[in-house]
Amino acid sequence: MRSLLIAATVFASLPALAQPAKTPFTAGENLSPEKAVRHVTGQELGETMKKGMIPGAFYSQIMLSKHDGYQIINTIRDKDGQAEIHADWNDNLFVQEGEASFVTGGSAVDAKTTAPGEQRGTAIKGGTTMTMKPGDYLFVPTGTPTQMKVATGRRIRFIAFKTHK
């Protein structure tokens, strides 16, 4: 009987053990067929992203539109990001609220491929740093190392309009 109880306990815990590790961000989608008018309020977007800012998350984002040639993503971040290099996507960033430093150019330190067409590193060496504030726009062409840095206690919310090269 004791062996049966142990086996049942182990079997019951297998689904929990099989769960993937939590990602360092929360991503959601608010996609629908783009054949009709669709309205998502700023309040709804903000509330959804704030719910995604769980302890330990680097950022929370919502994919608003996704096609072969472009993607539109709304993101909120309160921690530094990794250095990134995108081989296939240009980034068009529009800051909505908050503030962050954005490092571009130079080279990504310890860059490793993390997904097809994407490398991530620990920092950028020799880049140019600029401060991004509400209303600012930044274009980052493919192949350019970038890293967003958010000061302690600060937060930034931005729209990324990604275009395929």
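A polar contact is a pair of N or O atoms within 3.5 Å, where one must be able to donate a hydrogen and the other to accept it. Keep that in mind for one of the stops below. The model on your screen is predicted.

**Stop 1: the whole chain**

Start with everything selected and a cartoon view. You should find two helices and 14 strands. The protein has 165 residues, and 33% of them count as buried. Switch on a surface if you like: the protein exposes about 10,200 Å², with carbon and sulfur atoms supplying 57% of that area. If you take the contacts between residues at least 6 apart in sequence, 72% of them join residues at least 24 apart.

**Stop 2: strand 3 and its partners**

Now select residues 70-77, which make up strand 3. How many of its eight residues are buried? Six are, so this strand is mostly covered, given that buried means under 20% relative accessible area.

Add residues 59-66 to the selection, and you have strand 2. Strand 2 runs antiparallel to strand 3, and seven bridges join them. The pair forms a hairpin with three residues between the two strands. To line up the pairing by eye, pick Ser65 and look across to Ile72 in strand 3, which stands opposite.

Next, bring in residues 156-164, strand 14. This strand is also joined to strand 3, by eight bridges, and again the two run antiparallel. A handy marker here is Ile73, whose bridge partner in strand 14 is Ala160.

**Stop 3: Lys162 and Asp91**

Stay with strand 14 and select Lys162. Is this lysine buried or exposed? Lys162 counts as buried because its relative accessibility is 11%, and the cut-off for buried is under 20%. Show its side chain together with that of Asp91: a polar contact of 2.4 Å joins the two.

Asp91 belongs to strand 5. With a relative accessible area of 8%, Asp91 is buried too.

Then display the surroundings of each residue, leaving aside neighbours within four places in sequence. Lys162 is in contact with several residues, including Gly69, Tyr70, Gln71 and Ile73, as well as His86 and Trp89. Around Asp91 you will find contacts that include His86, Leu138, Phe139, Val140 and Phe161.

**Stop 4: a nonpolar patch**

Remain on strand 5, residues 89-98, and select Phe94. Phe94 is partly exposed, with a relative accessible area of 38%. Add Tyr137 and Phe139 to the selection. Together with Phe94 they form a nonpolar patch on the surface, with about 300 Å² of accessible area.

**Stop 5: helix 2**

Move to residues 42-52, helix 2, and click on Gln43. Gln43 counts as exposed because its relative accessibility is 57%, where exposed means over 50%. Which residue does the side chain of Gln43 meet in a polar contact? Show the side chain of Glu47, and you can trace that contact at 2.9 Å.

**Stop 6: a loop with a positive phi**

Finish at Asp110, in the loop between strand 7 (107-109) and strand 8 (112-115). If your viewer reports backbone angles, check this residue: phi of Asp110 is near 55 degrees, a positive value in a residue other than glycine. Most residues other than glycine have a negative phi.

Note on methods. Residues are numbered from 1 along each chain as its sequence is written. This is a predicted model: local features need pLDDT of at least 70, side-chain atom pairs count only at pLDDT 80 or more; totals for chains, interfaces and linings use all residues. Side-chain values use heavy atoms; hydrogens and water are left out. Helices (H or I, at least four residues) and strands (E, at least two) are DSSP runs, numbered from the N terminus. Buried means under 20% relative accessible area, exposed over 50%, partly exposed in between (1.4 Å probe, protein chains only). Contact means heavy atoms within 4.5 Å. Accessible areas come from the Shrake-Rupley method with a 1.4 Å probe; for residues, only the protein chains shown count as cover. Two strands pair if DSSP finds at least two bridges between them. Patches are made of residues with over 30% relative accessible area and no salt bridge: like charges are joined within 9 Å, nonpolar side chains (Val, Leu, Ile, Met, Phe, Trp, Tyr) within 5 Å. A salt bridge is a side-chain nitrogen of Lys or Arg within 4 Å of a carboxyl oxygen of Asp or Glu.
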